[in-house]
Amino acid sequence: MELVTLVLWILPTILSIALIWALRDALVRFREAVIQLEKTATTPIAPSDGTNQIDFEGLRLQACERFTLMLERISIPNLLLRIQPDPTTPPREYTAELLLAIRQEVEYNITQQIYVSDSLWSIITQSRDNISLLIARAAEGAETSSQIVGRLRTMSSRQPEDPVALAQGAIRREASSVLTG
């Protein structure tokens with residue numbers, strides 16, 4: 001019986017140590033991969049003679065275009081036009097539909113973040129979060145999906161600054177820097 005108790009006490013300790021060791025090793029490999037990626041990111045991808053050269057400016061501008069369209073699609077007025085409430089739809093379900101539409105728009109364009117600055121991506125995600133939070137607040141205590149729509153229209157019109165307009169302004173500034181830079 002003492003042997004079983006000893007094994008049951010030692011085994012979790014050994015497994016914990018092995019797990020910590022494996023995680024430490026994985027972290028070291030991850031850091032090495034990041035360092036290697038940073039080294040290759042500073043080296044040219046294509047020859048300087050112009051053959052097979054990737055048009056990074058064009059990709060950055062295309063990302064700005066796609067993010068502008070995405071933000072326009074998730075703006076409250078346009079979202080409400082696309083996803084109109086059915087009187088029989090419970091408020092929770094309607095709220096879920098609105099939030100799912102935002103999530104799908106962002107997921108569809110998520111890869112474009114690699115072509116824009118970190119600060120612009122942060123502004124875009126903050127705009128998305130602001131809109132999602134507004135929807136959640138409008139849905140609090142709502143008895144019908146139509147009530148959510150009314151609250152959303154009122155709340156979005158009373159916001160001191162439109163998150164979509166702010167993000168689109170940041171996108172225009174970044175696109176302008178690509179064109180003039």
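Colleague: Why is R128 called partly exposed in this predicted model?

Modeller: The relative accessibility of R128 is 23%. Buried would require under 20% and exposed over 50%, so R128 counts as partly exposed.

Colleague: What makes R128 and D129 a salt bridge?

Modeller: Their side chains meet at 2.9 Å, N to O, and the cut-off is 4 Å between a side-chain nitrogen of Lys or Arg and a carboxyl oxygen of Asp or Glu. The pair therefore qualifies. D129 has a relative accessibility of 41%, so D129 also counts as partly exposed.

Colleague: How many salt bridges does a search of the whole structure find?

Modeller: Four. One of them joins the side chains of E105 and R73 at 2.5 Å, N to O.

Colleague: What makes E105 and R73 a link between distant parts of the chain?

Modeller: E105 belongs to helix α4 (residues 91–109) and R73 to helix α2 (residues 56–74), and the two are 32 residues apart.

Colleague: Is E105 buried or exposed, and why?

Modeller: Buried: the relative accessibility of E105 is 12%, and the limit for that class is under 20%. Its partner R73 has a relative accessible area of 32%, so R73 is partly exposed.

Colleague: Which salt bridge has both side chains in helix α4?

Modeller: R103 with E107, which meet at 2.9 Å, N to O. They are four residues apart, about one turn of the helix.

Colleague: Why is R103 called exposed and E107 partly exposed?

Modeller: Exposed means over 50%. R103 has 52% relative accessibility and so counts as exposed. E107 has 46%, so E107 counts as partly exposed.

Colleague: Now the helices. How do α5 and α6 cross?

Modeller: The axes of α5 (residues 118–139) and α6 (residues 145–158) come within 9 Å and cross at roughly 130°.

Colleague: Why is α5 called oblique to α6?

Modeller: Roughly perpendicular covers 65 to 115 degrees and roughly antiparallel begins over 145. An angle of roughly 130° belongs to neither class, so α5 is oblique to α6. The crossing is right-handed.

Colleague: Which residues make the contact?

Modeller: From α5 there are L134, I135, R137, A138 and A139, and from α6 I148, R151, L152, M155 and S156.

Colleague: How do the residues of that contact divide by type?

Modeller: Seven are nonpolar, one is polar and two are charged. Arg counts as charged, so R137 and R151 are in the charged class.

Conventions: Residues numbered from 1 in each chain as written. Predicted model: local features only at pLDDT ≥ 70, side-chain atom pairs only at ≥ 80, totals over all residues. Heavy atoms only, no water. Axes fitted to C-alpha atoms, helices over the stretch in contact; angles between N-to-C directions. Parallel < 35°, antiparallel > 145°, perpendicular 65-115°, else oblique. Left-handed = near helix turned anticlockwise from the far one by under 90°. Contact = heavy atoms within 4.5 Å. Buried < 20%, exposed > 50% of the residue type's maximum accessible area, 1.4 Å probe, protein only.
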